[in-house]
Amino acid sequence: MSHTDPAPRPVLDVWCELQCPDCRTALGDLRALRDRFQDALDIRLRHFPLERHQHAHAAAQAAEEAIAQGRGWPFVEAVLERTEELGTRGEPVLVEVARELGLDAEEMDTALVDGRHILIVDADQAEGKAIGVTGTPTYVIGGERLDGGKSQEGLRERVEEIAARLVAERS
């Protein structure tokens, strides 16, 4: 009898943009979900930069560079804590955060100039639009889309409920 791999971990896609105050508000929920499910749930950052935020696209690219350097979530959280500053000062904030976190800030700067992560960001955005994401944060888990751009009331509970069920089904 062949050994079968365990079912893949359930995935929570978090459609987010780093100049969005609502996404900053959602940080507490994301931390709580990570604490509760640890490695049982695969929480994936997905990019949905909004037109009205002029630095959101660069910030999404910077997040991808931070992921490439192994510090994706710490970078995302640090940038979200500074959404207003990102709005006024733009890309220098992204390079500063990288430096503060001990990332290669020169490489971050170069990545923003050469646009090496643009395709990932644009593909995420296109996929988001295709599945009906209109604002951020939006959570997608177990085939259900939960829109936090309108209200975040009760969203974490709903995500936890679905995640707990998916994790239980897997074991």
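Q: Why are helix 2 and helix 9 called roughly parallel to each other?
A: Helix 2 (residues 27–37) and helix 9 (residues 155–170) pack at an angle of about 25 degrees, with axes 11 Å apart. Angles under 35 degrees count as roughly parallel, so the pair earns the name. Axes here are lines fitted to C-alpha atoms over the stretch in contact, with angles from 0 to 180 degrees between N-to-C directions. Helices are DSSP runs (H or I, at least four residues), numbered from the N terminus.

By the way, this is a predicted model: local features need pLDDT of at least 70, side-chain atom pairs count only at pLDDT 80 or more, and totals for chains, interfaces and linings use all residues. Residues are numbered from 1 along each chain as its sequence is written, and side-chain values use heavy atoms, leaving out hydrogens and water.

Q: What makes helix 3 roughly perpendicular to helix 8?
A: The axes of helix 3 (residues 56–68) and helix 8 (residues 118–130) cross at roughly 115 degrees and come within 9 Å. The range for roughly perpendicular is 65 to 115 degrees, so helix 3 fits that label against helix 8. On the helix 3 side, the contact (heavy atoms within 4.5 Å) is made by His-57, Ala-60, Gln-61 and Glu-64.

Q: What makes a set of residues a nonpolar core?
A: Its members are buried Ala, Val, Leu, Ile, Met, Phe, Trp, Tyr and Cys residues joined through side-chain atoms within 4.5 Å; buried means under 20% relative accessible area (1.4 Å probe, protein chains only). The largest one here has 42 residues, and Leu-12, Phe-75, Leu-94 and Tyr-139 have the most contacts inside it. Apart from it lies another core, of five residues, including Trp-15 and Phe-48.

Definitions and conventions. Buried < 20%, exposed > 50% of the residue type's maximum accessible area, 1.4 Å probe, protein only. Helix = DSSP H or I, 4+ residues; strand = E, 2+ residues; numbered from the N terminus. Parallel < 35°, antiparallel > 145°, perpendicular 65-115°, else oblique.
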